[in-house]
Amino acid sequence: MAEIKNCPKCNAIFNYNGLRDVCPKCFKEEEDLFEKVYRFLRQRENRAASIGRITEVTGASESLLHKWVRKRRLHPAQFPGLGYPCDNCGTLIIQGKICKSCTDNIKTDLAQHEANMEFREAVANNNKKTYLSNRNN
C-alpha cells in the first residue's frame with residue numbers, strides 16, 4: 001500500500017510505494033541526469049573518471065552518484081573511479097555497507113569482548129568453588 005510523503009528534493013507531496021524515493025518530476029530529472037552521466041562514462045577516455053570529475057562535467061551531485069552505485073545502476077567494475085562511502089568511516093567502497101578496515105576493527109573488538117566475557121565467567125566460576133575443612137580436632 002502506498003503512503004503519502006514529501007519529496008526530499010522539492011517538498012512536493014507524492015505517493016511513496018517503496019520504489020522511488022522522490023516525486024515523479026524529480027525522478028524524471030534524476031533519470032535525465034543519469035543518462036547524461038552514463039553517456040559521459042561510456043566514452044573510453046572517461047571510464048576511469050573520479051567522482052569529482054563526473055560531478056564537475058555533468059552537474060550530478062556526489063550523493064546522487066553514490067546512490068546509483070549503491071543501487072548497482074553504475075558498476076565500479078566497469079567504471080573504477082566510482083564507489084560510495086563506508087557507513088562507518090566514509091572511505092569509498094564498491095560493495096557492502098562498511099569497508100574491510102572497519103570490518104576487521106569490529107571483528108577485533110568482538111573477539112576482545114568475548115575474551116573479556118570468558119575471563120569474567122572464569123573468575124565468577126572460580127569464586128563459586130566450595131572448600132571443605134576438616135574440623136576433627
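**Exercise 1.** Decide whether Asn11 is buried or exposed, then describe its backbone.

*Solution.* Start with the relative accessible area of Asn11, which is 53%. Now the cut-offs: buried is under 20% relative accessible area, exposed is over 50%, and partly exposed is in between (1.4 Å probe, protein chains only). So Asn11, with its 53%, is exposed. Before going on, note that this is a predicted model, where local features need pLDDT of at least 70 and side-chain atom pairs count only at pLDDT 80 or more, while totals for chains, interfaces and linings use all residues. Residues are numbered from 1 along each chain as its sequence is written, and side-chain values use heavy atoms, with hydrogens and water left out.

Next, place the residue: Asn11 is in the loop between strand E1 (3-6) and strand E2 (13-16). Helices (H or I, at least four residues) and strands (E, at least two) are DSSP runs, numbered from the N terminus. Last, check phi: for Asn11 it's about 70°, so positive, although the residue isn't a glycine.

**Exercise 2.** Find where Arg72 lies and what Ile94 touches.

*Solution.* Arg72 belongs to the loop between helix H3 (62-70) and strand E3 (84-85). Its phi is near 65°, a positive value in a residue other than glycine. With 38% relative accessibility, Arg72 is partly exposed.

Now go to Ile94, in the loop between strand E4 (92-93) and helix H4 (100-127). Ile94 is partly exposed too, at a relative accessible area of 47%. Leaving out residues up to four places away in sequence, Ile94 touches Arg72, Pro76, Leu82, Gly83 and Tyr84; contact here means heavy atoms within 4.5 Å. For a C-alpha check, take Ala77: Ile94 is 17 residues from it in sequence and 8.7 Å from it in space.

**Exercise 3.** Work out which elements give two or more residues to the largest nonpolar core.

*Solution.* First the term: a nonpolar core is a set of buried Ala, Val, Leu, Ile, Met, Phe, Trp, Tyr and Cys residues joined through side-chain atoms within 4.5 Å. The largest one has 20 residues, and Val37, Leu41, Ile54, Leu65, Trp68, Leu74 and Leu82 touch the most other members. The elements we're after are helix H1 (24-42), helix H2 (51-58) and H3. Apart from this core lies another, of 5 residues, including Phe14, Val22, Cys23 and Cys26.

Then zoom in on Leu65: not counting residues up to four places away in sequence, it touches Val37, Ile51, Ile54, Thr55, Ala60 and Leu74.

**Exercise 4.** Describe how H2 and H3 pack.

*Solution.* Two packed helices are described by the angle between their axes and the distance between the axes. For H2 and H3, the angle is about 115° and the axes are 10 Å apart. Axes are lines fitted to C-alpha atoms, for helices over the stretch in contact, with angles running from 0 to 180 degrees between N-to-C directions. Finally, the residues: Ile51, Ile54 and Thr55 of H2 meet Glu62, Leu65 and His66 of H3.

**Exercise 5.** Work out which residues form the aromatic cluster.

*Solution.* Count pairs first: the structure holds 3 aromatic pairs. Rings of Phe, Tyr and Trp (its six-membered ring) pair if their centres lie within 6.5 Å; planes under 30 degrees apart are stacked, over 60 edge-to-face and the rest tilted. Phe34 and Tyr38 are stacked, at 5.9 Å centre to centre and 15° between the planes. They're 4 residues apart in helix H1, so about one helical turn separates them. Phe34 is buried at 7%, whereas Tyr38 is partly exposed at 26%.

The rings of Tyr38 and Phe79 have centres 6.2 Å apart and planes at 90°, so that pair is edge-to-face. Because Tyr38 lies in helix H1 and Phe79 in the loop between H3 and E3, the pair ties together parts 41 residues apart in sequence. Phe79 is buried, at 3%. Putting it together, the cluster is Phe34, Tyr38, Trp68 and Phe79.

**Exercise 6.** Find which ring Arg73 lies over and what Glu30 touches.

*Solution.* A charge sits over a ring if NZ of Lys or CZ of Arg is within 6 Å of the ring centre and within 35 degrees of the ring normal. Arg73 lies over the face of Phe34, at 4.0 Å from the ring centre. Lys5 lies over the face of Tyr16, at 4.0 Å from the ring centre.

As for Glu30, its place is in helix H1. Glu30 is buried, at 5% relative accessibility. Beyond residues up to four places away in sequence, Glu30 touches Lys9, Val22, Leu64, Lys67 and Trp68.
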